Amino acid sequence: MDNLGITSLSSTYKLLNGVGIPCIGFGTWQTPDGNVAYESVLAALKCGYRHIDTATAYGNEESVGRAINDFLKTGEVKRSELFITTKLHNRDHGYEATEKAIENSLSLLGLDYLDLYLIHWPNPIFFRENWAEANAGSWKAMEEAYAKGKIRAIGLSNFFERHIDRLMETAEVPPMVNQIKICPGIAQTDLVEFCKARKMAVEGYSPLGTGGTFRSEVLKKIAQKYGKTVAQVCVRWSLQQGAIPLPKSVNAERIAQNSQVFDFSLDIEDCQAIAEINYAELGISPQRNPDENTF
Ligand code: A2P
């Protein structure tokens, strides 16, 4: 059935440095800190997600970490079976700030090491005049934390081709991941190919179009054809695009539903139709241009 070589939430792909990354991550963007983040991450771990994606900017690292640590206490899995990602805040670019930010995230999450640390945005408003130097400084701090074993893999998020090329001019350790928006109508195939040519894994955030996909008649029809839900079709499509989807939900049933995507495969015509969906019509916002961000 599966031609991607993945059969469950714990199936992994290999990053450039050999570290295994579980093929679907649990997204926590827009998940409020406190009980909601705690309960949803715990529900995700209980139903088999092994890859959790957060960020300092999401403001929920403390609750996410508490759920991870409480789940570890049950003895159901070892820390080495989990894959935990967080991201550098836009205010914290540059060598020294990044060094501190990594320590701060480790402390908030209550972890000894991170599996993946990403620069969240390449060109924050605070560093617009010297963004490339700021990224180079951040990257150096990340390389050092990587060398010390505080981070098992390092990467980027929302980086376009020009930002990646610029970073690679000074990087000693190449980036292993780029996390970008990938959802129906937003396939970003050129950027995905660019990353793959550089042996970077591509993670896709907002695989459900932050909820907009549920308004799509195209997706409803395709879901009916396969006897699956629209959410499952979206997650499956992202996988078949070669991405690692990061579906977000705060509801235990939907969290489980979004992971049941290993028993069907979308035909090529359906994949094409999904790629061509008019996302704007569904109220889904495009991948932001990092050079025009106001944050
Ligand atoms: P909720 O968190 O209440 O489940 P994305 O992953 O693209 O960011 O989309 C997240 C949005 O989609 C959230 O509003 C989430 O709401 C909703 N969502 C997640 N999974 C499902 C699902 N299986 N069915 C319907 N809505 C879902």
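Which residue has a polar side-chain atom that lies 2.9 Å from a nitrogen atom of the ligand? That would be Q257. Keep in mind as you look around that this is a predicted model. Below is a quick tour of four spots: the ligand and its surroundings, helix α2, R236 and Y205.

**Around the ligand**
- Besides the Q257 contact with a ligand nitrogen, there's a backbone N or O atom of T210 that sits 2.8 Å from an oxygen atom of the ligand.
- R254 joins in with its side chain: an N or O atom there is 2.6 Å from a ligand oxygen atom.
- How much of the ligand does the protein cover? On its own the ligand has 560 Å² of accessible area, and the protein covers 81% of that.
- The ligand has 15 residues around it, and the ones that come nearest are L208, T210, S249, R254 and N258.
- Sort that shell by class and you get six nonpolar, seven polar and two charged residues.

**Helix α2**
- Helix α2 runs over residues 61-73, which makes 13 residues.
- Here's a neat check you can follow: at 1.5 Å a residue, α2 should span 18 Å, and its end C-alpha atoms are indeed 18 Å apart, so the two agree.
- Which residues of α2 are buried? They are E61, S63, V64, G65, A67, I68, F71 and L72.
- The cover over those buried residues includes two other helices, α1 (35-46) and α3 (95-109), along with strands β4 (51-53) and β5 (83-88).
- Look just past the end of α2 and you'll find G75, which takes a positive phi of about 80°.

**R236 in helix α8**
- R236 belongs to helix α8, which covers residues 230-240.
- Is R236 buried or exposed? Its relative accessible area is 0%, and buried means under 20%, so R236 counts as buried.
- The R236 side chain has a partner, too: it reaches the backbone oxygen of F264 at 3.1 Å.

**Y205 in strand β9**
- You'll find Y205 in strand β9, made up of residues 201-205.
- Y205 has a relative accessible area of 14%, so it is buried as well.
- Setting aside neighbours within four places in sequence, Y205 is in contact with W121, N158, Q179, I180, K181, I182, L246 and Q287.
- For a sense of scale, try finding K78: Y205 and K78 are 127 residues apart in sequence, and their C-alpha atoms are 26 Å apart in space.

Conventions:
Residues are numbered from 1 along each chain as its sequence is written. This is a predicted model: local features need pLDDT of at least 70, side-chain atom pairs count only at pLDDT 80 or more; totals for chains, interfaces and linings use all residues. Side-chain values use heavy atoms; hydrogens and water are left out. Helices (H or I, at least four residues) and strands (E, at least two) are DSSP runs, numbered from the N terminus. The expected span of a helix is 1.5 Å times one less than its number of residues. Buried means under 20% relative accessible area, exposed over 50%, partly exposed in between (1.4 Å probe, protein chains only). Contact means heavy atoms within 4.5 Å. A polar contact is a pair of N or O atoms within 3.5 Å; within protein, one must be able to donate a hydrogen and the other to accept it, and residues adjacent in sequence count only if both atoms are side-chain atoms. A residue is near a molecule or strand if one of its heavy atoms lies within 4 Å of it. Accessible areas come from the Shrake-Rupley method with a 1.4 Å probe; for residues, only the protein chains shown count as cover. Ala, Val, Leu, Ile, Met, Phe, Trp, Tyr, Cys and Pro count as nonpolar, Asp, Glu, Lys and Arg as charged, and the others, Gly among them, as polar.
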